[in-house]
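The exercises below ask you to read a protein structure step by step, moving from its interior to its charged pairs and then to its empty spaces. Try each task on your own before you turn to the solution.

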Amino acid sequence: MPFSSRLPDLTLLFVGLFTVAYFLLTHEGLYDLDDYFYARYAAQLAGGTFRVLPDPQGLLHDPLKERWLIFGPVALLYRLLGIGTISTTLWPLLCTLGCSVVVWLGYRRREPVVAAGAMVLLGLHYFTLNLTNYLYPDNILMFWCLCCAMALLRGRQSPGAQLAWGLGFAALNFAALLSKETIVYYLPCYCGLLVLDVWRQQNGRFWAAALFGGTVLLAGYLAFYAVFTHDALYRIHLIEHTNEFLREGNFLVGNRAALLGRVTYQPLAFFVGSGLGVALLLALAAAFGRRQQQGSDAGFWLALTGTTLAFYWLGSTSLTSYNPITLLPRMTTPLLPPLCLAAGFGLRNFGQTGRGGGWLALALLLAAGWLHNSVSVIYGGLALYFGAATVLGALAQLNPGAPLPAWRRPGTAAFAGLAVVALAAVLAVRPLYFMQKPGRSAHQAQQRVLRGQLAEPRRGVVFVDEFLLGNYDFSYGFRVPTGLQFRRYAAADSVARGAGEKAWLLLNRRTLTNDELTRKLIRYSAADVLARFPRRRLVTRDGPVELYEVR
């Protein structure tokens with residue numbers, strides 16, 4: 001079997017193993033309120049206590065409860081595997097791996113270099129890997145987005161099966177809607193292609209099936225809300241309530257001065273700073289390499305990338321007022337599949353011709369110099385590769401009769417394969433750095449102490465930090481021993497204990513030094529906590545987690 005045919009298979013194997021290794025070596029347990037709420041809803045669904053009805057007093061503004069395909073599969077995993085950190089995050093991991101599988105299935109034969117490049121760019125992107133560790137909707141939505149786009153592309157290319165593809169396209173978009181509302185990023189491209197096909201009188205069966213299927217699903221969905229909440233547009237109104245509830249920190253009220261920067265240069269700076277500059281430059285190279293992509297799917301992925309990027313850059317989180325989307329890496333996941341596939345075509349073009357590498361190297365060097373931080377390693381490393389490959393390729397073309405190795409000749413499988421290897425090697429540096437770092441939460445050790453030392457029939461009060469206070473029931477599978485109370489450290493002087501009840505101090509030194517928590521939530525050190533409880537006796541220690549009995 002030629003190397004070009006094996007390249008996507010080897011890439012899929014590498015990306016899959018690397019993703020699983022990252023997942024296992026960097027898992028930190030719960031991250032914030034969102035994954036805790038999703039896990040709690042999953043546990044309620046698994047236990048039969050989940051309630052569809054909204055808060056009767058209208059006090060809760062929680063759109064997370066309406067994302068059924070985030071916590072629904074997790075509920076099934078809870079029934080099969082029990083409640084734990086791995087079973088909680090297995091669904092995001094499977095969706096992340098599923099993205100690589102979809103790319104592999106779609107392009108391993110027709111465009112092997114595109115398939116390999118896209119899998120590397122998408123699968124080894126640091127924030128793609130990072131989001132496998134938490135029950136967040138973003139990588140799950142990314143999987144559905146990629147499936148939707150593939151169904152749209154293949155449906156319009158398959159005259160004999162357009163009804164099936166159209167219905168599948170509608171079902172996949174509905175699945176995405178049940179995961180997160182930001183599937184709307186793709187709406188401009190959908191509308192543009194629909195108008196284009198109507199103008200050309202093409203793909204009518206596909207669009208008729210898609211519109212019919214989508215109408216039926218959406219009507220059933222609105223009817224569901226009409227029955228249970230007496231408001232067919234309940235989910236939209238809930239999102240607007242959430243925007244209103246969080247208005248102090250958004251661009252409407254609390255951050256109005258930054259609005260101009262947000263809709264002009266800040267998105268570009270954000271993309272470069274998050275490491276996506278490589279994919280953007282390769283996609284730009286694909287846009288300029290039209291001669292090499294005639295008859296390919298590059299135009300589709302570039303169009304979807306452009307409209308999605310514009311929506312993210314200029315779109316709004318609200319229908320009633322303009323509030324740009326937050327510049328966070330996890331908000332870009334709908335953009336990643338089309339961007340990385342478009343970039344794959346740019347990488348293929350370079351592998352075929354060896355041209356444009358000088359411009360790529362220059363732009364990457366500029367990005368590295370501008371950032372001047374750890375992410376510069378990515379840009380600098382790839383700048384060295386593209387610069388060296390361009391020089392070697394040019395020398396090979398100047399002397400075509402010379403007996404040079406294939407990896408130095410543009411247009412060979414070895415030259416393209418080396419480009420994929422270089423890309424993978426450089427992108428893997430940042431995840432590898434975090435894979436060898438010690439964890440910041442000691443979640444597993446903390447869970448062992450709670451389940452081992454503070455289980456039934458223990459009775460009393462446990463003093464904990466503010467972060468654990470919000471999610472300690474997860475460590476017990478949401479079944480906390482009835483005799484235990486959990487209170488913050490500062491409440492030590494005000495908590496009354498009953499006869500025969502004890503008091504414990506749980507100290508997680510990793511939590512108290514986690515910079516993501518100490519900026520806002522935790523304002524004290526381990527020494528401060530121990531000084532508050534001078535009369536204590538060490539019960540057990542598990543790494544950085546200590547349990548004391550206090551008087």
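**Exercise 1.** How many residues does the largest nonpolar core have, and which residues have the most contacts inside it?

*Solution.* Keep in mind from the start that this is a predicted model. Begin with the count: the largest nonpolar core has 122 residues. Next, look for the residues with the most contacts inside this core, which are Leu121, Phe169, Val278, Trp301, Leu341, Tyr379 and Phe386. Then ask which element gives the most to the core, and you arrive at α7, with 14 residues. As a last step, take Tyr379 and set aside its neighbours within four places in sequence; the residues in contact with Tyr379 then include Phe271, Val272, Val278, Leu364 and Leu371. Apart from this core there is a second, separate one of 18 residues, with Phe463, Ala503, Leu512 and Val550 among them.

**Exercise 2.** Find the salt bridge between Arg330 and Asp138, and decide for each of the two residues whether it is buried or partly exposed.

*Solution.* First, the side chains of Arg330 and Asp138 meet in a salt bridge with an N to O distance of 3.4 Å. Second, locate the partners along the chain: Arg330 sits in the loop between α15 (298-314) and α16 (336-353), while Asp138 belongs to helix α7 (residues 138-157), so that the pair links distant parts of the chain, 192 residues apart. Third, compare each accessibility with the cut-off, under which buried means a relative accessible area under 20%. Arg330 counts as partly exposed because its relative accessibility is 24%, whereas Asp138, at 0%, counts as buried. The whole structure, when searched, yields 15 salt bridges.

**Exercise 3.** Which residues are linked with Glu181 in a network of salt bridges?

*Solution.* Start from the pair Glu181 and Arg235, whose closest N and O atoms are 2.9 Å apart. Glu181 lies in the loop between α8 (162-177) and α9 (187-200), and Arg235 lies in helix α11 (residues 234-245), 54 residues apart. Both of these residues are buried. Now add Arg67, and the network of Arg67, Glu181 and Arg235 is complete.

**Exercise 4.** Where does the side chain of Thr229 find backbone oxygens, and is Thr229 buried or exposed?

*Solution.* Place the residue first: Thr229 is found in helix α10 (residues 204-229). A polar atom of the Thr229 side chain lies 2.6 Å from the backbone oxygen of Tyr225, and the backbone oxygen of Asp231 lies 3.1 Å from a polar atom of that side chain. Thr229 counts as buried because its relative accessibility is 15%.

**Exercise 5.** How many cavities of 30 Å³ or more are there, and which residues lie nearest the centre of the largest cavity?

*Solution.* The count comes to four cavities of 30 Å³ or more. Turning to the largest cavity, you find that about 110 Å³ of space lies in it. Its lining is made by 14 residues, of which His125, Tyr126, Gly275, Ile378 and Leu427 lie nearest the centre. Finally, ask which elements give two or more residues to this lining, and the result is α14 (277-288) and α20 (429-435).

How values were computed: Residues numbered from 1 in each chain as written. Predicted model: local features only at pLDDT ≥ 70, side-chain atom pairs only at ≥ 80, totals over all residues. Heavy atoms only, no water. Salt bridge = Lys/Arg side-chain N within 4 Å of Asp/Glu carboxyl O. Helix = DSSP H or I, 4+ residues; strand = E, 2+ residues; numbered from the N terminus. Buried < 20%, exposed > 50% of the residue type's maximum accessible area, 1.4 Å probe, protein only. Core = buried A, V, L, I, M, F, W, Y, C linked by side-chain atoms within 4.5 Å. Contact = heavy atoms within 4.5 Å. Polar contact = N/O pair within 3.5 Å; in protein donor to acceptor, adjacent residues only side chain to side chain. 1 Å grid on protein atoms, 1.4 Å probe; cavity = no way out; pocket = protein on both sides within 12 Å on 5 of 7 lines; lining within 4 Å. Points joined across faces, edges and corners; volume = space filled by probe spheres on them.
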